[in-house]
Amino acid sequence: MPSSVLTRALPFAAALAALSANAPAQSWMPNEAQVSAEAELIDYEFSQSRAQIAWNDTLGNLWVANVDRATGKFVPADGRGVVVDPDSMSFQDAQKTKNGPEWVQTAAGDILVHTKYAGRHTDGNSRIGVAVPGPNGSWTSSILSDAVRKAPYGSNVVGDTAARISYVDNREVHYWTQLGDPSTERRIEDFPDSNYPVRHVACARPDIPGTHAVVYPVTVNGVDQVFYRDFDGNRSQQLTFDAGVKYEVWMWCAPEYGYEPVFFTLVDQTELRVYRKIAGSWTPVFSQTAPKGNQIFSPEPFTWNGKSYIFMAQSVKPNKFRSEIWIANIDATAPLFKRITPTEPLRTRTDPEVFITDAGPRIYYNKLIPDVSDSGRYKPCRKPSCSEGVWNADPGL
């Protein structure tokens with residue numbers, strides 16, 4: 001370039017650089033992106049440590065596939081990586097078990113528990129399947145025992161040296177046992193017989209006391225209250241005594257409180273109420289209430305970058321199905337409560353899960369086309385035939 005041209009270009013370049021420096025950064029907006037077009041990929045569960053998903057197809061095959069940490073995409077895209085067990089539950093069986101395969105964190109890494117069938121897919125043939133990864137991506141699946149059991153959930157303590165699992169029998173009676181030793185099975189005595197999901201305490205540190213436990217609601221004097229059962233002593237304790245019907249309950253180790261266990265519960269389907277133990281009593285310390293007309297579904301906590309967050313689905317009046325994904329924090333000094341997905345097109349957005357990619361958390365969910373009733377009202381459709389696959393959203397954290 002001639003020096004005269006270079007001289008004339010310098011002021012322009014400097015001005016352009018100044019404009020770029022002063023331009024506002026692109027602001028975050030609700031968003032979503034398709035991860036997989038596979039219609040059968042419903043009720044998948046993530047292993048963060050293995051960067052994998054586990055799920056059941058409509059034939060009862062238990063699949064495991066990888067997750068690309070850089071992009072958050074499934075590898076392969078349809079989720080059909082390795083068949084772990086061909087005798088697992090199907091999509092139709094989930095109507096009885098109310099859950100699919102679940103990861104269990106152990107000192108040797110994450111393994112899988114699932115409902116496995118010894119013959120026809122009947123409650124009487126249900127068993128607890130335990131699947132363990134082997135060399136070169138292989139898996140071995142066996143049964144915990146010959147006892148009729150189904151719908152397992154597992155410990156959620158990183159590096160757990162004494163992992164527990166819980167499950168129900170064909171009468172919906174709840175039990176727990178130490179993984180690998182069915183002789184330790186005990187009934188969760190005050191948990192009402194039901195297919196209600198059991199929530200194990202989640203913690204990133206195995207040295208925190210009180211994390212070998214589950215939390216669940218029990219009706220006391222007409223009001224559902226939160227109970228806690230310590231597996232080590234097989235004792236239960238009532239934690240809440242305040243007003244409001246409590247449904248979903250999650251306890252986890254909060255990094256902002258030095259990994260002290262805290263919990264939240266969904267109250268009257270509209271409020272997330274967070275409790276912390278203060279002077280020996282569990283006390284509400286934070287609350288978020290859904291916008292008027294909305295209801296909250298499937299809330300679940302996760303931690304990232306030293307903070308706790310809760311993701312969830314919400315329904316929006318007049319529709320009664322879950323169409324939006326939201327996120328909240330638990331910080332009363334700087335509260336966060338926002339919708340992270342678009343409002344259009346109108347879709348069922350359900351079963352949210354989190355995976356931490358190299359670029360930060362992404363909230364995954366199934367996106368389905370709602371049915372239209374004879375009266376012209378929208379109604380939910382949860383069948384694979386309605387599915388537009390798996391999508392995710394960047395919550396902008």
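**Strands, disulfides and a pocket in a predicted model**

Strand β13 and strand β14 (residues 174-178) run antiparallel and are joined by five bridges. This is a convenient place to enter the structure, which is a predicted model. One of the contacts along this pair places Val168 opposite His174 in β14. The two strands form a hairpin with five residues between them, and within that turn Glu172 has a positive phi of about 70 degrees.

On another side of the story, β13 is also joined to strand β11 (residues 150-154), again in the antiparallel sense, here by three bridges. Val168 of β13 appears in this pairing too, as the bridge partner of Lys150. Strand β13 itself covers residues 164-168 and is mostly covered, with five of its five residues buried. In a regular strand, side chains alternate between the two faces of the sheet. In β13, Arg164, Ser166 and Val168 point one way, while Ile165 and Tyr167 point the other way. Residues of both groups are buried.

Attention can now turn to the sheets. Strands pair in a sheet through backbone hydrogen bonds, in either a parallel or an antiparallel manner. One open sheet is built from four strands in the order β7-β8-β9-β10, with antiparallel pairing. Its edges are formed by β7 (102-104) and β10 (139-143), each of which pairs on one side only. From one strand to the next, the twist averages 35 degrees. Within this sheet, strand β9 (residues 126-133) pairs with β10 over five bridges, in the antiparallel sense. A reader who wishes to find this pairing in the model can look for Pro133, whose bridge partner in β10 is Trp139.

Another open sheet, also of four strands, follows the order β1-β33-β30-β29, and its pairing is antiparallel. Strands β1 (33-36) and β29 (348-357) stand at the edges with a single partner strand each, so one side of each is left without a neighbour in the sheet. On average, and with direction ignored, neighbouring strands of this sheet are turned by 35 degrees against each other. Strand β30 (residues 360-368) and strand β33 (residues 387-393) are paired antiparallel over five bridges. Here Tyr365 stands opposite Trp391 in β33.

The covalent cross-links come next. The model holds two disulfides. Cys203 is joined to Cys253, with an S to S distance of 2.1 Å. This link is left-handed, with -105 degrees about the S-S bond. Cys203 lies in strand β17 (residues 202-203) and Cys253 in strand β21 (residues 246-254), so the disulfide ties together parts that are 50 residues apart in sequence. Both ends can be judged against the cut-off for burial, which is under 20% relative accessible area. Cys203 has 5% relative accessibility and therefore counts as buried. Cys253 is buried as well, with a relative accessible area of 3%.

A disulfide also joins Cys381 to Cys386, where the S to S distance is 1.7 Å. The torsion about this S-S bond is about 70 degrees, so the link of Cys381 and Cys386 is right-handed. Cys381 is buried, with a relative accessible area of 1%, and Cys386 is buried with a value of 9%. When the bonded cysteines of the chain are numbered in sequence order, the pairing reads 1-2, 3-4.

Finally, the empty space in the model deserves a look. Rolling a probe the size of a water molecule over the atoms shows where such space is left. The second largest pocket has a volume of about 200 Å³. Its lining is made up of 14 residues. Those that lie nearest the centre of this pocket are Lys307, Tyr309, Asn329, Asp331 and Ala334. Strand β26 (residues 307-316) provides the largest share of the lining, with three residues. Sorted by class, the lining of the second largest pocket has seven nonpolar, three polar and four charged residues.

Definitions and conventions
Residues numbered from 1 in each chain as written. Predicted model: local features only at pLDDT ≥ 70, side-chain atom pairs only at ≥ 80, totals over all residues. Heavy atoms only, no water. Disulfide = S-S within 2.5 Å. Buried < 20%, exposed > 50% of the residue type's maximum accessible area, 1.4 Å probe, protein only. Pairing = 2+ DSSP bridges. Axes fitted to C-alpha atoms, helices over the stretch in contact; angles between N-to-C directions. 1 Å grid on protein atoms, 1.4 Å probe; cavity = no way out; pocket = protein on both sides within 12 Å on 5 of 7 lines; lining within 4 Å. Points joined across faces, edges and corners; volume = space filled by probe spheres on them. Nonpolar A, V, L, I, M, F, W, Y, C, P; charged D, E, K, R; others polar.
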